[in-house]
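Colleague: I'm still new to reading structures, so could you take me through one part of this one slowly? I'd like a close look at the salt bridges, please.

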Amino acid sequence: MDMNDFYFKIRNNFPEIAEAADADFVRKFDELDHEMNSLWFESLANSINSDMNNGISPQKYKTLFEFMRKSYLSESDEIKNCIDSSFIENLFWQVSKEKASAYWKALPDNLKELYVSFHSKQSA
């Protein structure tokens, strides 16, 4: 699977979550551009951060997190890099430890390791 396939697979499998990411992306870049799919994954993280800050249960993202876990283990270096640098590095940004705690517990271990590797600390 290439980056474009990965992007559209997430959009198709998680339409409600993709819609929230689209809204964040459009706020930043004025329009949705499928050619900028790596940046879209930052918006995906930002929309999850917004739900964290609003007290939404991490259960909403359990299937997405599992999909990301499996994809990181099995997909190309390009997709692994996107998950790491576009998604995980932006996850938990400007979210208090208290609000992030349940999401941190829901995040698969391999994704936690990416976060700690970049930030040199746990989120919660």
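Modeller: Sure, let's begin with a pair inside one helix. Asp24 and Lys28 both belong to helix α2, which covers residues 15-29, and they sit four residues apart, about one turn of the helix. Keep in mind that this is a predicted model. The side chains of Asp24 and Lys28 meet in a salt bridge, with 3.1 Å from N to O. Why might two such side chains get together? Side chains of opposite charge can pair when their charged atoms come close.

Now, is Asp24 buried or exposed? Its relative accessibility is 10%, so Asp24 counts as buried, because the cut-off for buried is under 20%. Lys28 has a relative accessible area of 41%, so this residue is partly exposed. In other words, a buried Asp24 is paired with a partly exposed Lys28.

Next, move along to helix α4, residues 62-74, where you'll find Arg69 and Glu66 three residues apart, again about one turn of the helix. These two form a salt bridge as well, and their closest N and O atoms are 2.7 Å apart. What about their surroundings? Arg69 is partly exposed at 25% relative accessible area, and Glu66, at 29%, counts as partly exposed too.

The third pair to look at is in helix α7, residues 109-119: Asp109 and Lys112 lie there, three residues apart, about one turn of the helix. Their side chains meet in a salt bridge at 4.0 Å, N to O. That value still counts because the definition asks for a nitrogen within 4 Å of a carboxyl oxygen. Asp109 is exposed, with a relative accessible area of 53%, since exposed means over 50%. Lys112, on the other hand, has 16% relative accessibility and so counts as buried.

While you're in helix α7, have a look at Val116, which is found there too. Val116 has a relative accessible area of 32%, so this residue is partly exposed. Along the sequence, Val116 and Glu89 are 27 residues apart, yet in space their C-alpha atoms are 9.3 Å apart.

Salt bridges can also link up. Glu16, Asp51 and Lys60 are joined in a network of salt bridges. How many salt bridges are there in the whole structure? The search finds seven.

Let's step back and see what these bridges sit in. The protein chain has seven helices and zero strands, so if you walk from the N terminus the elements read α-α-α-α-α-α-α. Its C-alpha atoms fill a box of roughly 35 × 30 × 25 Å along the principal axes. For 124 residues, a compact globule would have a radius of gyration near 14 Å, and the chain's 13 Å agrees with that. Buried residues make up 43% of the 124 residues. Of the contacts between residues at least 6 apart in sequence, 64% join residues at least 24 apart.

Finally, back to charge across the whole chain. There are 14 positive and 21 negative charges, and the mean positions of the two groups are 10 Å apart. The protein chain exposes about 6700 Å², and carbon and sulfur atoms supply 45% of it.

Technical notes
Residues numbered from 1 in each chain as written. Predicted model: local features only at pLDDT ≥ 70, side-chain atom pairs only at ≥ 80, totals over all residues. Heavy atoms only, no water. Helix = DSSP H or I, 4+ residues; strand = E, 2+ residues; numbered from the N terminus. Buried < 20%, exposed > 50% of the residue type's maximum accessible area, 1.4 Å probe, protein only. Rg over C-alpha atoms; globule rule 2.2 N^0.38 Å. Contact = heavy atoms within 4.5 Å. Areas by Shrake-Rupley, 256 points an atom, 1.4 Å probe, with all protein chains shown as cover. Lys, Arg positive; Asp, Glu negative; His and termini not counted. Charge placed at Lys NZ, Arg CZ, Asp CG, Glu CD.
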